[in-house]
Amino acid sequence: MKILVLNASPKGKHSGTMKLTESFLEGIKKIEDCEIDVIDIYSLDIKPCEGCFGCWHKTPGACVIQDDMSKCLELLKEADLILWSFPLYHYSIPAKGKMFLERTLPLVLPDLVKTPSGCTHPSRYDKEQKVVLLSSCGFYNIENNYEGLLMQFSLLYKEYTKVLCAEGPLLNIPEVSYFAEQYLDNVRKAGEEYARTGQINEETKELLDKPMMPIDMYLENAK
Ligand SMILES: Cc1cc2nc3c(=O)[nH]c(=O)nc-3n(C[C@H](O)[C@H](O)[C@H](O)COP(=O)(O)O)c2cc1C
């Protein structure tokens, strides 16, 4: 299985969210042989979409802008599983991640097709792809924080699996690694379950939805 990680944290390999993603991958690797590519979006030369629709009409399937996005599009076309990995920024995806997303327009056709809820552009390619969203945030709550992003993801992808981690900064604080380690063990378990069944068990989901550290303790230490 070809897995493509899209790391949209400005912290690159120091991203706490990437710890979730690495643990999820460790779980998958226990079950499946896989080839993994990581796109570190913030380290690449990716310019904003110019809105010219050249990728639909002038050079179908290819963007007219010459930058690192052309090799990213090749990796996106080949992937069986896409893992989006990023922190929540202002209730949404960090800016360059959104920029990357907009540059994927060459992967869809200009045609409009009806869906149960409205219409969309069909994919230019036949490949079945699965998507997992792994994200961390600074608040202790997932509810009243992630709704905007989750709505966007359910419009973008017919189906996707999610791991949303509250109190994300704890993933990068060695002094309280006890809390993060317990959480990361559950993310590993989630990856293994996902590789076995295509979903995360309800019991594991419940554990992942809980804050890593008791809320009062987190608030006391948050600055
Ligand atoms: C510009 C900015 C906006 C943020 N917006 C939110 C937010 O809307 N909700 C939230 O809970 N945390 C927010 N955070 C906190 C990050 O999501 C959190 O620190 C995350 O765990 C960082 O992950 P990373 O180490 O992978 O970059 C924000 C942080 C920054 C820098």
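Trainee: Where does T104 lie?
Mentor: Keep in mind that we are looking at a predicted model. T104 sits outside the helices and strands on either side of this stretch, with α4 on one side and β4 (113-115) on the other. Its place is the loop between α4 and β4.

Trainee: Is T104 buried or partly exposed?
Mentor: Burial here calls for 20 or more other C-beta atoms within 10 Å, and 12 or fewer would make a residue exposed. T104 has 16 C-beta neighbours inside 10 Å, so T104 counts as partly exposed.

Trainee: How far apart in space are T104 and G61, C-alpha to C-alpha?
Mentor: Along the sequence, 43 residues separate T104 and G61. In space, the distance between their C-alpha atoms is 9.6 Å.

Trainee: Let's move to another loop. Which residues is D68 in contact with, leaving aside its neighbours within four places in sequence?
Mentor: D68 belongs to the loop between α2 (54-57) and α3 (69-78). With 16 other C-beta atoms within 10 Å, D68 is partly exposed. Once neighbours within four places in sequence are set aside, its contacts are L44, D45 and I46.

Trainee: And how far is D68 from I173 in space?
Mentor: These two residues are 105 residues apart in sequence. From C-alpha to C-alpha, D68 and I173 are 33 Å apart.

Trainee: What is phi for Y91, roughly?
Mentor: Y91 is found in the loop between β3 and α4 (95-102), where 13 other C-beta atoms within 10 Å make Y91 partly exposed. Y91 is not a glycine, yet its phi is positive, at about 65°.

Trainee: E167 also catches my eye. Is E167 buried or exposed?
Mentor: E167 is in the loop between β7 and α6, and its phi is positive, near 60°, in a residue other than glycine. The cut-off for burial is 20 or more other C-beta atoms within 10 Å. E167 has 27 of them, so E167 is buried.

Trainee: On to the helices. Why does the span of α6 agree with its number of residues?
Mentor: Helix α6 covers residues 177-197, 21 residues in total. At 1.5 Å a residue, α6 should span 30 Å. The C-alpha atoms at its ends agree with this, because they are apart by 30 Å.

Trainee: Which residue follows α6?
Mentor: Look just past the helix for a residue with a positive phi, near 85°. That residue is G198.

Trainee: Which elements do the buried residues of α6 pack against?
Mentor: The buried residues of α6 include A180, Y183, L184, V187 and Y194. They pack against two helices and two strands: α1 (16-31), α7 (202-209), β6 (130-136) and β7 (161-165).

Trainee: Within α6, which residues does Y183 contact, leaving aside neighbours within four places in sequence?
Mentor: Y183 lies in helix α6 and is buried, with 25 other C-beta atoms within 10 Å. Its C-alpha atom is separated by 7.0 Å from that of L208, 25 residues away along the chain. With neighbours within four places left aside, Y183 is in contact with C165 and M212.

Trainee: At what angle do α6 and α7 pack?
Mentor: N186, V187, K189, A190 and E193 in α6 meet T204, L207 and L208 in α7. By class, this contact has four nonpolar, two polar and two charged residues. α6 passes α7 in a left-handed crossing. The axes are 10 Å apart, and the angle is about 145°.

Trainee: How many residues of α1 are buried?
Mentor: α1 is mostly covered. Its cover includes the strands β1 (2-7), β2 (35-40), β3 (81-87), β6 and β7, along with helix α6. Of the 16 residues of α1, the number buried is twelve.

Trainee: Which residues does F24 of α1 contact, again without its neighbours within four places in sequence?
Mentor: F24 is part of helix α1, and 28 C-beta neighbours inside 10 Å mean that F24 counts as buried. Setting aside neighbours within four places in sequence, its contacts are L134, V163, V187, A190 and G191.

Trainee: Last one: which residues come nearest to the ligand?
Mentor: By class, the shell around the ligand has seven nonpolar, ten polar and one charged residues. Of the 18 residues around the ligand, those that come nearest are T17, P87, C137, G138 and G168.

Terms used. Residues numbered from 1 in each chain as written. Predicted model: local features only at pLDDT ≥ 70, side-chain atom pairs only at ≥ 80, totals over all residues. Helix = DSSP H or I, 4+ residues; strand = E, 2+ residues; numbered from the N terminus. Expected span 1.5 Å × (residues − 1). Contact = placed C-beta atoms within 7 Å. Near = placed C-beta within 6 Å. Nonpolar A, V, L, I, M, F, W, Y, C, P; charged D, E, K, R; others polar. Axes fitted to C-alpha atoms, helices over the stretch in contact; angles between N-to-C directions. Left-handed = near helix turned anticlockwise from the far one by under 90°.
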